[in-house]
Amino acid sequence: MHGTVTVVEKDAVRVHSYMAPDDSLNVTTQLIETPALIIAVDGQYALDYADEVVAYAQGLGKPIDRLIVTHAHPDHFHGAARFGAPVHALAAVRDQIAAQGDAQDPAGTLIPVADVTPTVEITPGTEVIDGVPFVFEAFSGGEAADELVIKLPEQGVLIAQDLVYHATHLFLGNNDIVGWQQAVDTLGAESSYDTVLAGHGLPAGLEVFGELRRYLADARELLGDDGEAYKKAILERYPSYGGPFLIDIGNQYLFGAQSA
């Protein structure tokens, strides 16, 4: 296996957190294993790694009930069709994915947008799935324009996905550091959750919010009008973090070709 799987036991629920290698941005798919089902959260960027997640899930011996896509960044939905299950998302996220059109995965394989556009709309609120309450909350601003956060209150699990990165450089291409700081403050106040699942990186505890606050404050200080200068400065402050290519991708959005 090329990816890294971390398993967290939570009474009637087991969380299998699959983090792709650095060459695929350390993007993380969550497999929430309930007594009879698997709820997958986010569908990977490279199709090979999506296939690896699906093969692992199949080895658990339970059906994949659905794939939930939390936001409309390609690294979280390109592999959606590989899961062989209905794709669920917020209406805004569904519309943003549909508007992007056909694409390619990193290996150049065509990904028809019709194959990955969510077909089941998530309404914020609580849904009991296989006896487990799932709380769906919509956030606007931050890492993406619209994002879904999922809470498992009985298990103390907060599935924050791309509002939380763990020991991984941040994608700042949405140009909303302030919005991200506000989201981190809101989520960090949720003291009843002891397990935080990141969209890039391994599972963490509540300490991850302090780490994010520091990184975002540093990014706000260092991010001027020169993408390469910013990259050099942030790498010097966080030399052990994974996913440096995420800085390059963000710089392309913020500064264009000069930071490609």
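In this predicted model, helix H6 spans residues 227-237. Its buried residues are Gly227, Tyr230, Lys231, Ala233 and Ile234. These buried positions pack against two other helices, H5 (207-222) and H7 (245-255). A polar contact marks the start of H6. There, a side-chain oxygen of Asp226 comes to within 3.0 Å of the backbone nitrogen of Glu228.

The largest nonpolar core holds 48 residues. Within this core, the members that touch the most others are Ile32, Val69, Phe83, Ile97, Phe134, Ile150 and Ile159. Helix H1 (residues 47-58) supplies the largest share, 6 residues. Another core lies apart from this one. That second core has 32 residues, including Val149, Ala160, Leu172 and Leu187.

Ile97 illustrates the contacts made by a member of the 48-residue core. Neighbours within four places in sequence are set aside here. Ile97 is then in contact with Val69, Ala72, Phe77, Val113, Val116, Thr117 and Pro118. Of these partners, Val69 is itself listed with Ile97 among the core residues touching the most other members.

Phe134, also on that list, belongs to strand S11. Strand S11 (residues 132-140) pairs with strand S10 (residues 125-129). The pairing is antiparallel and runs over 5 bridges. In one of these, Phe134 is the bridge partner of Glu127. The two strands form a hairpin, with 2 residues between them. Asp130 lies in the turn and has a positive phi of about 50°.

Technical notes. Residues are numbered from 1 along each chain as its sequence is written. This is a predicted model: local features need pLDDT of at least 70, side-chain atom pairs count only at pLDDT 80 or more; totals for chains, interfaces and linings use all residues. Side-chain values use heavy atoms; hydrogens and water are left out. A nonpolar core is a set of buried Ala, Val, Leu, Ile, Met, Phe, Trp, Tyr and Cys residues joined through side-chain atoms within 4.5 Å. Buried means under 20% relative accessible area, exposed over 50%, partly exposed in between (1.4 Å probe, protein chains only). Helices (H or I, at least four residues) and strands (E, at least two) are DSSP runs, numbered from the N terminus. Contact means heavy atoms within 4.5 Å. A polar contact is a pair of N or O atoms within 3.5 Å; within protein, one must be able to donate a hydrogen and the other to accept it, and residues adjacent in sequence count only if both atoms are side-chain atoms. Two strands pair if DSSP finds at least two bridges between them.
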